[in-house]
Structure formats: C-alpha cells, structure tokens
Amino acid sequence: MEVKILETKPILPSTPPFKDDHELPLSHLDNDHNMRVSFRYLRVYVSSTATDRHPYDVIANAISSALVHYYPLAATIRHAGNERLSVFCQVGQGLPLVNATVDSTLESLNYLDDPDSDFVEKLVPDPSPEEALVNPCILQVTVFKCGGYTLGAAIHFSLCDGLGATQFFNAVAELARGANQVTVQPVWDRLSLLGPRDPPRAAGPVREFLSLEKGFKPYRQEVGPVVRECFEVTDECLDRLKDVLFEKCGLKFTTFEALGAFLWRAKVRCSGVSGDQNVKYAYATNIRRTVKPPLPLGYWGNGCVPLYAQLSAKEVVEQPLWKTAEVIKKSKSNANDEYVRSFIDFQELHHGDGITAGTEVSGFTDWRHLGHSSVDFGWGGPVTVFPLSRHLLGSVEPCFFLPYSSANSGKKDGFKVQVTLRESAIAAFREEMKKFSKKDFGVSVQECYSSI
C-alpha cells in the first residue's frame, strides 16, 4: 500500500483575523516541558454516496473559516526567554494541509482498527521538533479508493490539549456541515486564567511527586527500541477481575483503576526495573471545572494536570493487586483547586530547574468516552480514532484505552488497549495479557488472580 502525497497547501484564514503582528502568551500549563512535543493521532471516516463533495476541499474550506477564530494554530511558537514559549502571530500565516490518496479500500484494511504501524505512520504528519515550532498544527486528509478518508493531525501540545484540539475540530466540522458561525467561541486569556499566585506557593502532593534535576529533558529516557501493540480486553474477564478485587478488599474499582493496576504491574514486571526504583502511574485530569472560578466554556488551552500514583517497583510487582488499585483510586482525591494552583506555582518557581516526575513513569489515558464521534464533516463521525504518539505525561511508554472501530460489527465486546513498550519487554507482556483472553479464561482466573 502506498500513500501518495498530491500537495501540501497552506490554508489561510478566510478573513484576516488581525491587522498587526503580535505575540500571545502561553499559560504555565502550556509551558510545562512535558508539553513540548507534537501529539499525533488519526480519525477514520467511511465513504458516503450522499454527496460528490471531495473531503479535502470540504475540510480545507472549513479550516479556512475556523482559522478566523483559531488563528494561533497557524502561528509559530517562539522561545520567549527564561526557557518559556510564546505564540507569534504574523499576517499571512497559514496552516499546512496535506492532500493524499491511497489505492485501497478502508474495508480491506479493517477500517484501520488494528493497523500496520508502518502504513498508518504515513497517514499522519510527523514534523521534526524544529518544524513543529514553525508549524505547530499540520493536518493531512488521505482519501481511499472507496471514498472514505482519514484525517491525521500533528498538533504541538503547548498550544492545546486533546480537549482543546477537539473543540477546534468541532468548529471545523460545524462549518463543513454548513453552519454560518461556530457554536463555541474560543477563549485565549491564558495567563490571567491559569497564572501563578502572588506570591507563588507550591505545597502538598506536588512536591511529593515532582523533583528537580538540572538539565533534565523529558522524553530522553534510554529504554532502547520500543514497539506499539494492541491487546483485546473482554467485558467478561474485566468484570471477573473487578469481582475478585471486591472480594479481596470490599472496594469497588473503576475499569481505569482495576485494569490500570494490572497493566502497570505487568509493565513494571516485564521491564526488569530495579525493585528499589520509584515508579509512577501518571494520568491527566481535566481541571476546567475543578479550578475556582471554573474556566470559561471556550477555553482551549491545556486544561489538564497530571496526577500520580507512586510506589516502589517491588511494591507494584509483589503486593496484592487490590492495594495498587487502591493507591490509584486514592490519587484521584488530589484533583482539587489547591493541587492545580500548586502545580502552576511549582512551574513558576522552578521552570528552569529541570522539573521531573522521574524516568520510570507509565502514562495512562482513557479514550473510550471522549466524544470523538461529534467531529462530523458531513459524512458522519469517525468510525476509528487512535493515537500514534509515544510521548505522554513524561512517559515514553504510554497506554491508551481505545474503543473498537464502530464499523467493525464483529467486535462489540470490550475494548482494546494500545501499549507502547520497550522491545525487550513485549514478549513477556504478551504472556501477561493472555490472562484476559477468553480461550484461556479458566486458566487465567487461577494464574491472574492468585496474587490479588
């Protein structure tokens, strides 16, 4: 299968959104060093015979209209001193949109529900760190032989998080479907809404989880070659895991807590981490309603902060699984206004001092209920959505909970887990995950739950 690039065209705002060049400040959450990467992901759309409109043309025109409101996505990111970044907006800037084709059908590729890594990488722009500052948002529309298409995105995390990016794509989708204006007007006011206190004061769990290492650069951990692989998780086995955990400790755990604890243990066990090494389970929490006052509806900057569960590798591997799940559950109590303000203040006080959560960080996130289906450009919402990035919350080995493609009628039970893991650990990790397979369910109950 070959992805043929037809052209890359800069899409300019349909109406000039400003007259003079200017600079926009970023918040302290935007300036977190962990955000200095492009987040890459793909949406897959099936074909439609209801219209002869070409997806590239429709999306290009809608982006042009949306950039009147979201013009910073077509700007450049610059170093603003003190190791911070800002957004420089210049008249005449455009957002690069790649036009590509593939001479295959989506159906023949199972709607990219479990795609070949080499092929799918060609469907999403992959800018270098330098190019990502010049063009912080690069998009690619790839039309398949069947008329279906994919929308690949590479967006610099300093500009927005996943929720902010989805707000932009929803605006583009509204305009593509014929709306005259966007429903949600974007709000930029980042420094005043998420700026440090005066004087800044960082206390509590933030100082427990974060430390300083001069010269530390996120995502530079040496773990060797990594691979990305998907695993199936059935409802039956997941429910059994939760039931056994409840029998052991009397606590009810969510999927994110119970399965997260299992996956964290498997990753640590298979990676050969030293027993006395501190390891962290990291995940982002949406703080848009948590902070006081709440952020306005149209705020599209980074509106999440990382939460952590922390243990020694020996504890993760050897203690009963319910205890690890309980640590993850308890970590959620840190999601409050004081934690957010302390996190921001810590960034203000120590931004240039090498803030780090450590090297053995496992990043987890749940994409099953993020409302991606609302991004409808006129042919219906995406049938498949999945990430390609290996950098998340300071982790180079992230884990995503993902729904199956809605076009794949044969997979309605459960969901899939996409894991990025060091190559040396993947074989052992596969053996751990077999404990969730239906065919080995009887064996897995005995093996998997004996140490819970």
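**Figure 1. Crossing of helices α8 and α12 in the predicted model**. Helix α8 passes α12 in a right-handed crossing. The two helices pack at an angle of about 145 degrees, and their axes lie 9 Å apart. From α8 (residues 255-271), the contact is formed by Phe 262, Leu 263, Ala 266, Lys 267, Arg 269 and Cys 270. These residues meet Ala 428, Phe 429, Glu 432 and Met 433 of α12, a helix that spans residues 426-433. By residue class, the contact of α8 with α12 comprises seven nonpolar and three charged residues, with no polar ones.

**Figure 2. Buried residues of helix α10 and the elements they pack against**. Helix α10 covers residues 321-331. Its buried residues are Leu 321, Trp 322, Thr 324, Ala 325, Ile 328 and Ser 331. Two strands, β11 (278-286) and β12 (304-312), are among the elements against which these buried residues pack. The helices α7 (235-249), α8 (255-271) and α9 (313-318) also pack against the buried residues of α10.

**Figure 3. The six-stranded open sheet and helix α1**. The strands of this open sheet follow the order β1-β6-β7-β8-β3-β15, and their pairing is mixed. At the edges stand β1 (3-11) and β15 (384-387), each of which pairs on one side only. On average, neighbouring strands of the sheet are turned by 15 degrees against each other, direction ignored. Helix α1, residues 55-66, packs on the sheet and touches β1, β6, β7 and β8 (149-156). The direction of α1 makes about 170 degrees with that of β6.

**Figure 4. Pairing of strands β6 and β7**. Strands of a sheet pair through backbone hydrogen bonds, in either a parallel or an antiparallel manner. Strand β6 (residues 95-102) and strand β7 (residues 137-144) run parallel and are joined by six bridges. One bridge partner in β7 is Phe 144, which is paired with Val 102.

**Figure 5. Surroundings of Leu 24 in strand β2**. Leu 24 belongs to strand β2, which comprises residues 22-25. Leu 24 counts as buried because its relative accessible area of 12% falls under the cut-off of 20%. Leaving aside neighbours within four places in sequence, Leu 24 is in contact with Tyr 71, Pro 72, Ser 86, Val 87, Cys 89 and Trp 188. Cys 89 is 65 residues from Leu 24 along the chain, yet the C-alpha atoms of these two residues are separated by 7.6 Å.

Technical notes: Residues numbered from 1 in each chain as written. Predicted model: local features only at pLDDT ≥ 70, side-chain atom pairs only at ≥ 80, totals over all residues. Heavy atoms only, no water. Helix = DSSP H or I, 4+ residues; strand = E, 2+ residues; numbered from the N terminus. Buried < 20%, exposed > 50% of the residue type's maximum accessible area, 1.4 Å probe, protein only. Contact = heavy atoms within 4.5 Å. Pairing = 2+ DSSP bridges. Axes fitted to C-alpha atoms, helices over the stretch in contact; angles between N-to-C directions. Left-handed = near helix turned anticlockwise from the far one by under 90°. Nonpolar A, V, L, I, M, F, W, Y, C, P; charged D, E, K, R; others polar.
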